[in-house]
Amino acid sequence: MSRPTARVLTLLELLQSGGTRTVAELADRLGVDGRTVRRYVDHLIDLDVPVESVRGRYGGYRLAPGYRLPPLMLGDDEALAVLLGLVAGRRTGLTTAQHTASETASAKIRRVLPKHVARRLDALLEALAFTERPGAFDAPDAGVLLTIADAVRHRRPVSIRYTDRDGRRSERTLHAYGIVAHAGRWYVTGEDARINEGRTFRLDRIADARALPGSFEAPVDPDPAQRVLSGFATAEYRHEVTLRIHGTVEQIRARLPTGVASLEEEGEPAAGRDRATERWLRVELRVERLDWLPPVLASLDRPFVIERPDELRDLVTALADRLASYARQAPPRGPMS
């Protein structure tokens with residue numbers, strides 16, 4: 001494919017991502033001058049792609065509303081991969097707010113599959129089982145998801161309208177570092193430009209997202225997934241729990257992962273100490289409920305000390321008493337009914 005043709009297709013891809021793109025921005029992205037951008041736009045118009053010219057301070061080019069891509073041609077393996085992706089997305093809750101979109105897309109692809117491929121797919125779906133039930137989560141709007149993804153990629157500020165868990169609404173300017181899928185939900189993490197602090201937002205609580213002019217510098221290694229997990233571990237909840245557990249990092253993380261608890265070594269850490277070495281580790285977490293923690297601590301089977309709260313100590317003692325009572329019970333005589 002020749003470079004001019006490749007640039008024309010890249011221009012179409014940029015316009016399809018939504019919003020109005022200035023001539024200067026397009027020229028910078030394509031590595032050409034403004035006159036060449038206008039020539040490429042004329043090429044798209046000649047191909048019946050409805051590109052509109054927008055006047056004004058932030059004017060430029062955009063696609064006319066309602067434009068649809070021509071039909072895609074997928075091979076058998078490609079179609080199978082897409083269908084499996086749609087099934088997995090529905091089962092894990094990682095879909096957009098347009099719940100019927102994945103179903104109609106699946107139906108369209110299945111209609112054009114060769115019979116032998118469709119039969120093999122049906123056999124796979126009948127044999128396939130999931131360890132978790134389908135999530136009943138609120139999904140993000142597709143337009144919001146794509147707008148923020150574009151802002152992440154090109155380091156552009158984005159204005160969002162957000163509703164927090166208490167129902168409070170606000171408008172914020174976000175410097176988005178990345179989008180993270182976690183436990184059936186979508187999150188975006190970045191810096192709230194108004195207060196210059198890191199924040200994580202649920203995408204399904206964002207009612208509107210709009211790209212803003214300008215750009216920003218992201219941290220060298222923002223690691224969005226780690227930011228989201230750390231945010232869960234330090235978020236404000238009803239109970240603040242502090243424990244000391246004797247074991248290895250791997251043993252503790254197997255039951256209390258990064259998204260649930262933070263770990264800190266007791267005393268001065270020894271230089272070059274192996275993570276497989278057992279030692280006392282301070283574990284801190286914030287939770288809405290305490291009732292699930294005693295079984296987790298029992299499953300760890302490691303020495304531990306509860307520093308706070310006293311309520312957790314009472315729950316652990318009650319669980320230990322119940323287990324001891326069950327263990328002392330004599331087996332029933334005769335056949336069980």
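**Exercise 1.** Is aspartate 301 buried or exposed?

*Solution.* The structure is a predicted model.
Step 1. The relative accessible area of aspartate 301 is 63%.
Step 2. A residue counts as exposed over 50% and as buried under 20%.
Step 3. Aspartate 301 is therefore exposed.
Step 4. To place the residue, note that aspartate 301 belongs to the loop between α10 (293-300) and β11.

**Exercise 2.** Determine what is noteworthy about the backbone of asparagine 196 and aspartate 301.

*Solution.*
Step 1. Most residues other than glycine have a negative phi.
Step 2. Asparagine 196 is not a glycine, yet its phi is positive, at about 55°.
Step 3. Aspartate 301, likewise not a glycine, has a positive phi of about 55°.
Step 4. Asparagine 196 is found in the loop between β5 (185-192) and β6 (197-202), and with a relative accessible area of 54% it is exposed.

**Exercise 3.** Which peptide bond is cis, with omega near 0°?

*Solution.*
Step 1. Most peptide bonds are trans.
Step 2. The bond from arginine 308 to proline 309 is cis, and its omega is near 0°.
Step 3. Proline 309 sits in the loop that lies between β11 (304-308) and α11 (310-328).

**Exercise 4.** Describe the protein as a whole.

*Solution.*
Step 1. The secondary structure consists of 11 helices and 11 strands.
Step 2. The protein has 337 residues, of which 34% count as buried.
Step 3. Among contacts with a separation of 6 or more, 63% join residues 24 or more positions apart.
Step 4. The exposed area of the protein is about 21,400 Å², and carbon and sulfur atoms supply 50% of it.

Definitions and conventions:
Residues are numbered from 1 along each chain as its sequence is written. This is a predicted model: local features need pLDDT of at least 70, side-chain atom pairs count only at pLDDT 80 or more; totals for chains, interfaces and linings use all residues. Side-chain values use heavy atoms; hydrogens and water are left out. Helices (H or I, at least four residues) and strands (E, at least two) are DSSP runs, numbered from the N terminus. Buried means under 20% relative accessible area, exposed over 50%, partly exposed in between (1.4 Å probe, protein chains only). Contact means heavy atoms within 4.5 Å. Accessible areas come from the Shrake-Rupley method with a 1.4 Å probe; for residues, only the protein chains shown count as cover.
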